[in-house]
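Thanks for sharing this one. Here are my notes, set out point by point so you can follow along in the viewer.

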Amino acid sequence: MKAEKVEDALDRVGGMYGEDGTNVKKDQKKQFTVHIQFQQRTARKCLTIIQGLPDDLDFKKLVRHFKKMWSCNGTVINDDEWGQVIQLQGDSRNEVATFLVEEGLATKEQIKKHGF
């Protein structure tokens with residue numbers, strides 16, 4: 001009986017459960033799109049920009065790992081629209097995409113690569 005009251009209270013305040021009783025937060029967590037973009041800075045310099053990763057990840061650890069793996073520099077930027085955005089020096093779009101799929105952070109369908 002207490003569980004029913006808690007679920008009803010959560011539903012009234014925009015709670016966790018949908019109409020069919022499924023956990024909405026778990027479903028929302030799986031529905032994200034990671035955008036991996038290429039941005040040309042000068043004739044020889046470029047950036048890889050990673051947007052749309054879930055907020056529960058430790059972005060600083062990810063950047064540290066990327067920097068060691070691919071010998072590049074990188075940073076985490078807080079953006080109002082996209083949340084936390086990772087910037088890496090160089091064109092690492094394919095490497096980032098394979099890393100995210102291999103580690104289980106995103107599926108192939110959730111990753112969109114932009115650029116040439």
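Which residues have the most contacts inside the largest nonpolar core? Please keep in mind as you read that this is a predicted model.

1. **The core.** The residues with the most contacts inside the largest nonpolar core are V34, I50, L53, I86 and L100, and the core has 18 residues. At least two of its residues come from each of β1 (34-40), α3 (59-70), β4 (83-89) and α4 (93-102). As a general background, nonpolar side chains in soluble globular proteins tend to be buried together.

2. **A look at I86.** This core residue is a nice one to click on. Leaving aside residues up to four places away in sequence, I86 touches T48, I49, I50, L53, F59, L62, V63, F66 and T75.

3. **The sheet.** Following the strands across, you will find the order β3-β4-β2-β1-β5, an open sheet of 5 strands with mixed pairing. At the edges lie β3 (74-79) and β5 (111-113), each of which pairs on one side only. From one strand to the next, the twist averages 20°.

4. **The β3 and β4 pair.** These two strands run antiparallel and are joined by 6 bridges. For a spot to check by eye, take I77, whose bridge partner in β4 is V85.

5. **Helices on the sheet.** Helix α3 packs on the sheet, where it touches β2 (46-51), β3 and β4, and its direction makes about 10° with that of β4. Helix α4 also packs on the sheet, touching β1, β2, β4 and β5; the direction of α4 makes about 165° with that of β1.

Technical notes: Residues numbered from 1 in each chain as written. Predicted model: local features only at pLDDT ≥ 70, side-chain atom pairs only at ≥ 80, totals over all residues. Heavy atoms only, no water. Core = buried A, V, L, I, M, F, W, Y, C linked by side-chain atoms within 4.5 Å. Buried < 20%, exposed > 50% of the residue type's maximum accessible area, 1.4 Å probe, protein only. Helix = DSSP H or I, 4+ residues; strand = E, 2+ residues; numbered from the N terminus. Contact = heavy atoms within 4.5 Å. Pairing = 2+ DSSP bridges. Axes fitted to C-alpha atoms, helices over the stretch in contact; angles between N-to-C directions.
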